[in-house]
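Q: Please take a close look at one part of this model, the place where two of its helices come together, and then set that part in the context of the whole chain.

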Amino acid sequence: MNNLNFLYIAIMGLAIYLVRMLPLVLLRREIKNVYLRSFLSYVPYVTLAAMTFPAIITATGNIISGIVGLVCAAIIAYVDGNLFKVSVGACLAVFVTEFIMGLL
């Protein structure tokens, strides 16, 4: 392993440590600002969406089938909200779309 790899790992470790340590050091009091609290309450959802959205689109063999599965999952989730039905419906939509595109 190259010595630069150890340097990269050390820098990444320091960056992660600073990101986790700085809020504890700098924010000792409760945050009273309503707008900042509202903003911070949405951070986990936005982060999860930013990580999963590209994976949903590119997980299939074709981007079109990924988009069809995403739209189908969003519609089923809006109508019913049952996670099992959402996942089965999205999988079926992707399967049917891939099958139809394979025939073309």
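A: Threonine 97 is a convenient place to begin, and it lies in helix α4, which covers residues 83-103. The model is a predicted one, and what follows should be read with that in mind. The relative accessibility of threonine 97 is 14%, and because buried means under 20%, this residue counts as buried. Apart from neighbours within four places in sequence, threonine 97 is in contact with Ser65 and Val68.

Both of these partners can be followed into helix α3. Serine 65 is placed in helix α3, and with a relative accessibility of 0% it counts as buried. When neighbours within four places in sequence are left aside, the contacts of serine 65 are with Thr60, Val94, Thr97 and Glu98.

Valine 68 also has its place in helix α3, which is made up of residues 63-79. At 32% relative accessibility valine 68 counts as partly exposed, whereas serine 65 counts as buried. Beyond its neighbours within four places in sequence, valine 68 is in contact with Ala93 and Thr97. The C-alpha atoms of valine 68 and cysteine 91 are 10.0 Å apart in space, with a separation of 23 residues in sequence.

The setting for this part is a protein chain with four helices and zero strands, whose elements run α-α-α-α from the N terminus on. Of the contacts in the protein chain with a separation of 6 or more, 37% are accounted for by residues 24 or more positions apart.

Turning to the other helices, α1 spans residues 3-26, and its 24 residues, at 1.5 Å a residue, should extend over 34 Å, which agrees with the 34 Å between its end C-alpha atoms. Within α1 there is a kink of about 25° at arginine 20, shortly before proline 23.

Helix α2 takes in residues 34-58, and for its 25 residues a span of 36 Å should result at 1.5 Å a residue; the end C-alpha atoms are 37 Å apart, which agrees. At the start of α2, a side-chain oxygen of asparagine 33 comes to within 3.1 Å of the backbone nitrogen of tyrosine 35. Further along, a kink of about 35° is found at valine 43 in α2, shortly before proline 44. Phenylalanine 53 belongs to helix α2 as well, and with a relative accessible area of 45% it is partly exposed. Between phenylalanine 53 and valine 19 there are 24 Å from C-alpha to C-alpha, for a separation of 34 residues in sequence.

The overall dimensions complete the picture. The radius of gyration of the protein chain is 21 Å, whereas a compact globule of 104 residues would have a value near 13 Å. Taken along the principal axes, the C-alpha atoms fill a box of roughly 60 × 50 × 20 Å. Buried residues make up 11% of the 104 residues in the protein chain, and serine 65 and threonine 97 both count as buried. The protein chain exposes about 8900 Å², of which 75% is supplied by carbon and sulfur atoms.

Terms used:
Residues numbered from 1 in each chain as written. Predicted model: local features only at pLDDT ≥ 70, side-chain atom pairs only at ≥ 80, totals over all residues. Heavy atoms only, no water. Helix = DSSP H or I, 4+ residues; strand = E, 2+ residues; numbered from the N terminus. Buried < 20%, exposed > 50% of the residue type's maximum accessible area, 1.4 Å probe, protein only. Contact = heavy atoms within 4.5 Å. Rg over C-alpha atoms; globule rule 2.2 N^0.38 Å. Areas by Shrake-Rupley, 256 points an atom, 1.4 Å probe, with all protein chains shown as cover. Expected span 1.5 Å × (residues − 1). Bend = angle between axes of the 7 residues up to and from the residue. Polar contact = N/O pair within 3.5 Å; in protein donor to acceptor, adjacent residues only side chain to side chain.
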